[in-house]
Amino acid sequence: MFNRMSIASALLFFCCVAMLHAQSKGGRWTMEGNGDDTAMWDGQADTGRLQGEAVFSNLIPLPEGRYCLWLDTARVHDYFKVEDSPDLDFENENIGISMWIYPTVLNDVHFLVNKGTQTDATKSTDYALRISLAKKIEFLIRDSNNKAQTAASNFTVPLNQWTFIAVWYDFNAGKVYFWNRVGAAPVDSANFRFNYFANDGPLSIGSWYRNDPAAPSIKDFQGGIDEVRISGRCEDLIPLISGVTRRQPAVLLPGDLELYPNPLSLSRNGSLTVGGVSPLAGRGTLTLYNLRGQIVWRQEVTAWPYRWVLRDVPGGILPAGSYFLQLRTGHDLFCRSLTVIP
């Protein structure tokens, strides 16, 4: 009797241990200056690599940590690539994707995540997340006929600010759920009953990979991406517990600083209006940084709104590209991205 109970207890113990260590798949890329997969729930570390002129940047206030993936508007074919592995393939099962995004341009379909290759004889997409022309979040798979099937959110993605987004495909329930706030209930849901299949393409973050050295990506995202999570467990998607330090809320006020026009065309309008600042703010310092963190221009300002003629830059006109304009008034710090086109 004792032996039977001991064996039963041992089996129960090992079952409990196995459950505690049950793993999902996917990964977590925090973009903290490297491409490490830091997920605790997946079976292997799927390290990613910057492609093209993609960079890890800390020039704008971030929702978490000290760096994000930055994809410059003035560059093409820059994205983050993770090579194919069974850990990244999902097939007719639950899957979720979440991330922070800071779009600076929304003028096309922009891929946030895609598992697959665009240049295959039949386009491959195990799963994807993208921003549609209508500025909605779309979850996408390709069915057995290689036809794209999408489920879209009702909310619109805003420009020039950080937004948390998450998508959860409950395969058995035939539902896709959407979030746009951390810690809140899903804001949208859609009926979605489609089988989907694994492939041998890479995982692209910020674009859709093409097997073409001359044009290695298509439908690039422009702006910042941070804290990307993919998992077969919904509880892994929401960053309630962070492995990095949250910044002081006092600096998370990008919406208080307005830049107009943005993007700014040098050939059509060579001046920028800096507004959204209370006249009571008093004296402030505007500083323009390039993506290397170098100061391009600095100016003390005493009256708002402020109109800046870009020809004030020493050495002539400001080159086209992506910049960050920082305003410091007393103990407050504001920052917005600025895109300058020819």
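**Aromatic pairs across a strand-rich chain**

Among contacts in the protein chain that link residues at least 6 apart in sequence, 63% are between residues at least 24 apart. The model is a predicted one, and its protein chain carries 25 strands alongside just 1 helix. Of the 342 residues, 50% are buried. The accessible surface adds up to about 16,300 Å², with carbon and sulfur atoms supplying 52% of that.

Now to the rings. Searching the whole structure turns up 14 aromatic pairs. One of them brings tyrosine 102 and tryptophan 162 together edge-to-face, with 5.4 Å from centre to centre and 65° between the planes. Tyrosine 102 belongs to strand E6 (residues 95-103), while tryptophan 162 sits in the loop between strand E10 (148-156) and strand E11 (163-170), so this pair ties together parts 60 residues apart in sequence. Both tyrosine 102 and tryptophan 162 are buried.

Phenylalanine 111 and tryptophan 208 make a tilted pair, at 5.1 Å centre to centre and 45° between the planes. Here the partners come from strand E7 (residues 110-115) and strand E15 (residues 208-209) respectively, so the pair ties together parts that are 97 residues apart in sequence. With buried meaning under 20% relative accessible area, phenylalanine 111 makes the cut at 2% relative accessibility, and tryptophan 208 does too at 7%.

Elsewhere in the chain, Phe139, Tyr169, Phe171, Phe192, Phe194 and Tyr196 gather into one aromatic cluster. A ring also meets a charge: the charged end of lysine 25 sits over the ring of phenylalanine 90, 4.6 Å from the ring centre.

Methods. Residues are numbered from 1 along each chain as its sequence is written. This is a predicted model: local features need pLDDT of at least 70, side-chain atom pairs count only at pLDDT 80 or more; totals for chains, interfaces and linings use all residues. Side-chain values use heavy atoms; hydrogens and water are left out. Helices (H or I, at least four residues) and strands (E, at least two) are DSSP runs, numbered from the N terminus. Buried means under 20% relative accessible area, exposed over 50%, partly exposed in between (1.4 Å probe, protein chains only). Contact means heavy atoms within 4.5 Å. Accessible areas come from the Shrake-Rupley method with a 1.4 Å probe; for residues, only the protein chains shown count as cover. Rings of Phe, Tyr and Trp (its six-membered ring) pair if their centres lie within 6.5 Å; planes under 30 degrees apart count as stacked, over 60 as edge-to-face and the rest as tilted. A charge sits over a ring if NZ of Lys or CZ of Arg is within 6 Å of the ring centre and within 35 degrees of the ring normal.
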